[in-house]
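Here are some friendly notes to read with the model open beside you. They go through charged pairs, aromatic rings and empty spaces, one point at a time.

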Amino acid sequence: MTDMIPTIAALRERLSVLDRVRPPKGRTALSLGLPCLDAALPGGGLVWGGCHEFLPAPADAGCHGFVASLLAGLPPGPILWCRHRDKGDPLGLADMPYGPGLAALGLDAGRLILVRPDTVDDSLWTLEEALRCSGLTAVVGDGVMPGPVAGRRLQLAAEDGGALGILILPPLGRPPPSTALTRWHVVSRGDPPAHEDGGRPRWLVSLLRARGGGSGGGSGPWEVAWDDTAFCLRLAQPLADGPVAAAE
């Protein structure tokens, strides 16, 4: 922890500078770009001032791409992306957001503040401090599963700061109960052949939990595709099979 003191001090100073200016948001929720998804949420989108969880499938990196496509719809402003270092990756180079991949999904990598704490506890501290900073448009916790107390602290911090909190959870079959506003399950459908959907990435998205319920949009699953011409999500194929088994 001693080695982290200079890093923590530098991060605190940067957050302090950002906190002096609150970016104009103009909206209370981030639209997912699809009426069927927005209708399933009580705020008509991902509400600012709260945390939203995204559960990936095992060995599937598609959830990160889906999250990046959502972040691309945010108003201008910095986004803090936090992922703790793996023990086998001392330089913290593994699983870093890939700039060209983010650009293909409409997200400017120049907006990201990348933080690589050494431990999960340091990651949770970083996320809590960042969520209280009103100068950040969004805060992403990558690969962190907060316990009930830590989850509640993150939710309260997001309410204080007004930022959009995104938690990309570790891939667990049955994650523990959550204090977040929403929890999603995202499965990559892979890159389809060129004659199907132009080879664009697709995801199978299910809403597992939404505090307060929505206006009747259902819980999915929805198969959505990234439209790299309009730089937005669109419905690829409506499904009526009910939530996927891993998301039950």
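1. A buried glutamate to begin with. This is a predicted model, and in it E223 counts as buried, at 1% relative accessibility. The partner of E223 is R202: the two form a salt bridge, with the closest N and O atoms 3.1 Å apart. R202 is buried as well, with a relative accessible area of 15%.

2. Where that pair sits. R202 belongs to strand 9 (residues 202-210) and E223 to strand 10 (residues 222-227). The two are 21 residues apart, and their pairing links distant parts of the chain.

3. The wider set of charged pairs. How many salt bridges are there in the count? The count comes to 7. Some of them share partners, and these join E128, R132, R153 and D160 into one network.

4. E128 in that network. E128 meets R153 in a salt bridge of 2.7 Å, N to O. This contact links distant parts of the chain, since E128 is in helix 5 (residues 120-131) and R153 is in helix 6 (residues 148-161), 25 residues apart. E128 also forms a salt bridge with R132, and here the closest N and O atoms are 3.3 Å apart.

5. Buried or exposed: how does E128 count? E128 is buried, because its relative accessible area of 12% falls under the 20% cut-off. Its two arginine partners are partly exposed: R132 has a relative accessible area of 33%, and R153 has one of 44%.

6. On to the rings. A search of the whole structure finds 4 aromatic pairs. One of them is F54 with W184, a stacked pair with 6.2 Å from centre to centre and 5 degrees between the planes. F54 lies in strand 3 (residues 50-56) and W184 in strand 8 (residues 182-190), so this pair links parts of the chain that are 130 residues apart. F54 counts as buried at 0% relative accessibility, and W184 likewise counts as buried at 0%.

7. An edge-to-face pair. F66 and W203 form an aromatic pair of this kind, with 5.5 Å between the centres and 65 degrees between the planes. F66 is in helix 3 (residues 62-71) and W203 is in strand 9, so the pair ties together parts that are 137 residues apart in sequence. Both F66 and W203 are buried. Ring pairs link F54, F66, W184 and W203 into a cluster, so you can view these four rings together.8. Helix 3 itself. This helix is mostly covered, with 9 of its 10 residues buried. Among the buried residues are G62, C63, G65 and F66, and the list goes on to include V67, A68, S69, L70 and L71.

9. A pocket that helix 3 helps to line. The second largest pocket has a volume of about 170 Å³. Its lining includes L30, S31, L32 and G33, together with S69, L70, A72 and G73. W226, F231, C232 and L233 also line this pocket. Which elements give two or more residues to the lining of the second largest pocket? They are helix 3 and strand 11 (232-238). By class, the lining has 8 nonpolar, 4 polar and no charged residues.

10. The enclosed spaces. The structure holds 2 cavities of 30 Å³ or more, and about 90 Å³ of space lies in the largest cavity. Of the 16 residues that line the largest cavity, E53, P146, G151, S178 and T179 are the closest to its centre. Strand 3 and helix 6 are the elements that give two or more residues to this lining, and helix 6 has the largest share, with 4 residues.

11. What the cavity wall is made of. The lining of the largest cavity divides into 9 nonpolar, 4 polar and 3 charged residues. For the second largest pocket, the lining has no charged residues.

12. A glycine to look at last. G147 is in the loop between strand 6 (138-142) and helix 6. At 36% relative accessibility, G147 counts as partly exposed. The C-alpha atoms of G147 and T179 are separated by 9.4 Å, with their positions 32 residues apart along the chain. T179 is one of the residues closest to the centre of the largest cavity.

Definitions and conventions: Residues numbered from 1 in each chain as written. Predicted model: local features only at pLDDT ≥ 70, side-chain atom pairs only at ≥ 80, totals over all residues. Heavy atoms only, no water. Salt bridge = Lys/Arg side-chain N within 4 Å of Asp/Glu carboxyl O. Buried < 20%, exposed > 50% of the residue type's maximum accessible area, 1.4 Å probe, protein only. Phe/Tyr/Trp six-rings, centres within 6.5 Å; stacked < 30°, edge-to-face > 60°. 1 Å grid on protein atoms, 1.4 Å probe; cavity = no way out; pocket = protein on both sides within 12 Å on 5 of 7 lines; lining within 4 Å. Points joined across faces, edges and corners; volume = space filled by probe spheres on them. Nonpolar A, V, L, I, M, F, W, Y, C, P; charged D, E, K, R; others polar.
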